[in-house]
Each structure stands twice: as structure tokens, then as C-alpha cells.
Amino acid sequence: MSSRTVSPELIAAFKRLRLGGLLPTLAERLTLAEKESTPLEDLLLMLLCDEISRRDSTAAVRRAQQAGLDPDMVLERWDKTAKVTYDRRVLNELSSLRFVEDHRNVVILGPVGVGKTFLASALGHLGCRAGYNVRFSRADALLRSLKQSRMDNSRDALMTELATVDILVIDDFALEPMSREESRDVYQLFVERNARFSTVVTSNRDTAEWIPTFDDALLAQSAVDRFKNNAFDLVVDGESYRARLKPNIETLGPPPSAPVKKQAIHPRTKAANRR
């Protein structure tokens, strides 16, 4: 079945209305609709749904890029054959994003390399697809940003941004002791976000072990108690997942051809050629 030709006038009209994303499949859609005698209203709905889906996908990719999420760490690419254990019921519940609607937190705990960052990033991607604003940061990078913001007087703006983003993903939290300023920053973040927005934290340490990493024990108890009692726990254990992310030559395409180096022409040769 050959596709019908789309008139230049129709193409121009689609582009003017910023519906150019429909053009690659428009001819096929029109041909199929003609063959199946699809009512005009149904055809129009089909085309508009295509455009809505395309725009939603584009917006989700843009939000994920702005969030700092790894594009490969999406739930569809999670290797279910990995030799790691976790409560699949908890992961399924988290994937529904009800925890975001209910302003709950998530703690993903486990030893080094079992896929905690992958799962946290995957939840971030799901949030982007659902239209939520997401921000991903390693804990050390986050604390450095807050420290730097004090020097250029942008701390209030940065703290407001961090405290109000729909989903804040903090990776590798509580790896090392925090200074007094860092402890206060984390306390403020946990308290201001609690029951208002959702925070996803990955850590090698159980929440009980977070308290000694704070400079102030009282602040630590207050912050951690609020956080953990409003959080789902997803505990991951088993073999390292990182080996499955290791580059493999067999998955790569053919090597690129070596660029041909252009030979320089001596000025005298150029002059001779002109003569």
C-alpha cells in the first residue's frame, strides 16, 4: 500500500501551526484512514493524540536533562536478571508515584554497587514523564553548591529552589561527616521539604547511622526523625550491578573511519596553479 502525497499547502499549514512533528507519519495516517474509511473526527483525534504524545515525550526528555538525570538509567532498562534482592512490591508502589502525590520520601539503602543510583534515577525519570520538576545531585556536590552560594550571596535562592522542587534526589548521602554549616543546610532541607515535597535519598548507611555524620546531634535527630518516619524504605542487596553497565565492544557499532588529513599546499604551489 503506497502512501498518498501530502500537498505543499497542507504541509505549510501544519508548520505554521507548529505541528511539524506530525509530518513524518502524516501521509501514512491519511492513507490508512482512507483505506479504512475512518471518520474525519476520529482521524483528527488520532493526529492530535500523536502530537500530544510527541510533545509530552519531548517535555519529559527536557525535564530529565534539566534535572541532571542519566538518560540511560530508566526503569525499562533495569536488568531484572541482576543478582540483587529487593521488595518488588515496594518498587511497584514507588513506580506509581503515589509517594509524590502524598509528599512522602524514599530511602534506598544497600551496599556499594547494587543499583541504588539507578533505581533512584529511574524514579526521577518517571517523575519527569508525569510532569513533575525533578533535581538529581550527589550529596557532596549538593553541599558544595550550597557552600559556594554563601560566597556569592545566592544561598537563599538556591535553598528555595532545592526546598520546593517536586522531587529532589540526593545520591550517596552520609558517606562522610558534615561540617556545622553542612549539617544546618541538610537540617533546613529535610525540615522544609518534609510533608510538602518528596525527597529520594540513596545511602550505604542505615538511617540510624546518619545521625553521627551531623555536626550537631540535636539537629540530626530532629531532621532524621522527620525524614525517616515519612519515608518508604527500599533495601537492595546482592552482587554489584555496575558490571552490567560496563561498556562492551560487542554492543558498539562499527568503528568510525579515520579522517583524511588534508595536505597543506605551499603558497608557491598555489601561485603556480593560478598561473
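Which side-chain oxygen reaches the backbone nitrogen of Arg89 at the start of H4? It belongs to Asp87, and it comes to within 3.0 Å of that nitrogen. The close-ups below start from there, and they all show a predicted model.

**Figure 1. The whole chain, before zooming in.** The protein chain has eleven helices and seven strands. Of its 275 residues, 37% are buried. Take the contacts between residues at least 6 apart in sequence: 82% of them join residues at least 24 apart.

**Figure 2. Helix H4, with a buried side and an exposed one.** H4 covers residues 88-95, and its buried residues are Val90, Leu91 and Leu94. These three sit on the same side of H4, because they cover an arc of only 95° around the axis. As a rule of thumb, an α-helix has 3.6 residues a turn, so residues three or four places apart point the same way. Flip to the other side of H4 and you find Arg89 and Asn92, both exposed. What lies over the buried residues? The cover includes helix H5 (98-101), strand E2 (105-109), helix H6 (116-129) and strand E6.

**Figure 3. The two ends of H4.** At the start of the helix, look for the side-chain oxygen of Asp87 within 3.0 Å of the backbone nitrogen of Arg89. After H4 comes Leu97, with a positive phi near 65°.

**Figure 4. H3 crossing H6.** Helix H3 takes in residues 40-67, and its axis comes within 8 Å of the H6 axis, with a crossing angle of roughly 135°. That angle makes H3 oblique to H6. The crossing is right-handed. On the H3 side, the residues to pick out are Ala60, Arg63 and Ala64; they meet His125, Cys128 and Arg129 of H6.

**Figure 5. H2 alongside H3.** Here the axes of H2 (residues 23-35) and H3 come within 11 Å and cross at roughly 155°. So H2 runs roughly antiparallel to H3. This crossing is right-handed. H2 brings Leu26, Arg29, Leu30 and Ala33 to the contact, while H3 brings Leu43, Met46, Leu47 and Asp50.

**Figure 6. Asn230 and what it touches.** Asn230 is in the loop between helix H10 (217-228) and strand E6 (231-235). Is Asn230 buried or exposed? It counts as buried, because its relative accessibility is 11%, and the cut-off for buried is under 20%. Setting aside neighbours within four places in sequence, Asn230 is in contact with His103, Arg104, Asn105, Asn194 and Ala195.

**Figure 7. His103, in the loop between H5 and E2.** The loop that holds His103 links H5 and E2. His103 is one of the residues that Asn230 contacts. Its relative accessibility is 32%, so His103 counts as partly exposed. Check the backbone too: phi of His103 is near 55°, a positive value in a residue other than glycine. For background, most residues other than glycine have a negative phi.

**Figure 8. Asn153, in the loop between H7 and H8.** This loop joins helix H7 (139-151) to helix H8 (155-164), and Asn153 is found in it. Asn153 is not a glycine, yet its phi is positive, about 60°. How exposed is Asn153? Its relative accessible area is 75%, so Asn153 counts as exposed.

Note on methods. Residues are numbered from 1 along each chain as its sequence is written. This is a predicted model: local features need pLDDT of at least 70, side-chain atom pairs count only at pLDDT 80 or more; totals for chains, interfaces and linings use all residues. Side-chain values use heavy atoms; hydrogens and water are left out. Helices (H or I, at least four residues) and strands (E, at least two) are DSSP runs, numbered from the N terminus. Buried means under 20% relative accessible area, exposed over 50%, partly exposed in between (1.4 Å probe, protein chains only). Contact means heavy atoms within 4.5 Å. The arc is that of the directions from the helix axis to the C-beta atoms. A polar contact is a pair of N or O atoms within 3.5 Å; within protein, one must be able to donate a hydrogen and the other to accept it, and residues adjacent in sequence count only if both atoms are side-chain atoms. Axes are lines fitted to C-alpha atoms, for helices over the stretch in contact, and angles run from 0 to 180 degrees between N-to-C directions. Angles under 35 degrees count as roughly parallel, over 145 as roughly antiparallel, 65 to 115 as roughly perpendicular and the rest as oblique. A crossing is left-handed if the near helix is turned anticlockwise from the far one by less than a right angle, and right-handed if clockwise.
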